[in-house]
Amino acid sequence: MENPQRSTDDGQKRSFTPKFSQVFFNTGGHFRYKMFGQGGDGCNRLVLLCLGLLNVVLLIFAVVIGINCAKVTEGSLQASHSAATQLINDLNYLRSNYSDVIKAEEEAKNALERALKNHAQIKVQIEKQKTINDNYHRQFEALRTEQISLQSNISALEGSCGICPSGWTHFNSSCYFFSSTESSTTKKNWYDSRADCIRRGADLVVIDNQEEQKFVSLTIEHMEDGYVWKGYWIGLTDAEIEGQWVWINNVTEVEQKYWIDGEPNDQGHGGEDCGITVYSSDNPWKTRFDAGCYRHKKYWICEM
């Protein structure tokens with residue numbers, strides 16, 4: 001290709017082909033460049049300098065990015081490790097709490113079972129107490145009825161100057177009939193004896209205080225025939241509930257000191273459900289024992 005030329009005023013021809021720089025490496029590895037053309041040395045150096053600075057900036061930027069990425073990666077790893085540690089701690093805490101919850105549930109279950117058992121026992125006790133209260137109420141009503149009856153008897157006795165029928169013994173506000181005074185050979189079972197007392201307008205004796213106990217015991221003593229031990233039916237029986245001795249006026253016997261040692265024992269065929277009183281020289285207060293209501297035949301004491 002031909003270089004364009006132009007003529008000058010002095011008639012010389014000059015080429016206006018632009019100068020170019022040639023960059024190359026010599027055999028020793030040193031960087032060299034060669035400028036071609038005219039008027040471009042300063043501009044080329046500036047371009048090279050800018051390119052070099054740009055490379056340095058890019059290198060620094062790349063290093064900074066690498067360092068930041070390493071820090072971010074390390075922070076992420078630390079954060080992940082911390083999160084994993086926290087999760088493990090939470091898991092261990094939950095396991096521990098789960099064991100505590102299971103233990104608490106077992107304790108609560110046992111406590112509930114004990115409470116239900118206590119509730120059942122208390123319910124049984126309440127029923128027993130209710131039965132006892134009902135018995136007390138019936139006894140109270142019986143006592144009130146007996147009080148009315150006694151007041152009526154007192155009024156009748158006062159009207160007749162307190163004189164008892166023939167063959168009867170007066171003590172306090174009552175009259176007593178000892179069957180042995182009428183016949184020393186006639187004896188009856190408990191039910192027939194009571195029927196005889198009712199026929200006479202009375203009933204089997206109810207001994208409800210120490211004065212009456214002493215009176216009955218001393219009266220029997222005077223009726224003793226030598227060493228013959230006479231027994232008299234009294235209005236006391238446990239025929240309805242075994243072991244619960246009740247007077248015929250529906251009052252439960254609570255005193256145990258009047259029973260002979262070892263009595264009542266409910267021995268014998270068919271049991272012993274009716275009370276007998278005797279005189280005891282060894283201990284005048286221990287005068288009672290139990291016997292068969294139908295099988296045994298004894299004297300009896302009526303009270304009016």
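The paragraphs below follow the aromatic rings through this structure, which is a predicted model.

A pair of aromatic rings is described by the distance of the centres and the angle of the planes, and the structure holds ten such aromatic pairs. One of them is formed by phenylalanine 171 and phenylalanine 215, whose ring centres lie 4.4 Å apart with 5° between the planes; because planes under 30 degrees apart count as stacked, this pair is called stacked. The two partners come from distant parts of the chain, since phenylalanine 171 belongs to strand S5 (residues 169-171) and phenylalanine 215 to helix H3 (residues 210-223), with their positions 44 residues apart. Phenylalanine 215 has a relative accessibility of 12%, and therefore counts as buried.

Another pair brings together tyrosine 258 and tryptophan 285, with 6.2 Å from centre to centre and an angle of 40° between the planes, an arrangement that is described as tilted. Here, too, distant parts of the chain are linked: tyrosine 258 is found in the loop between strand S9 (246-247) and strand S10 (274-277), while tryptophan 285 is found in the loop between S10 and strand S11 (288-291), 27 residues apart. With a relative accessibility of 5%, tyrosine 258 counts as buried, whereas tryptophan 285, at 36%, counts as partly exposed.

Returning to the stacked pair, Phe171 and Phe215 are also members of a cluster, in which ring pairs link them with Tyr176, Phe178, Tyr232 and Tyr299.

A ring can also face a charge, as phenylalanine 177 shows: the charged end of arginine 200 sits over the ring of phenylalanine 177, at 4.0 Å from the ring's centre.

Technical notes: Residues numbered from 1 in each chain as written. Predicted model: local features only at pLDDT ≥ 70, side-chain atom pairs only at ≥ 80, totals over all residues. Heavy atoms only, no water. Phe/Tyr/Trp six-rings, centres within 6.5 Å; stacked < 30°, edge-to-face > 60°. Helix = DSSP H or I, 4+ residues; strand = E, 2+ residues; numbered from the N terminus. Buried < 20%, exposed > 50% of the residue type's maximum accessible area, 1.4 Å probe, protein only. Lys NZ or Arg CZ within 6 Å of the ring centre and 35° of its normal.
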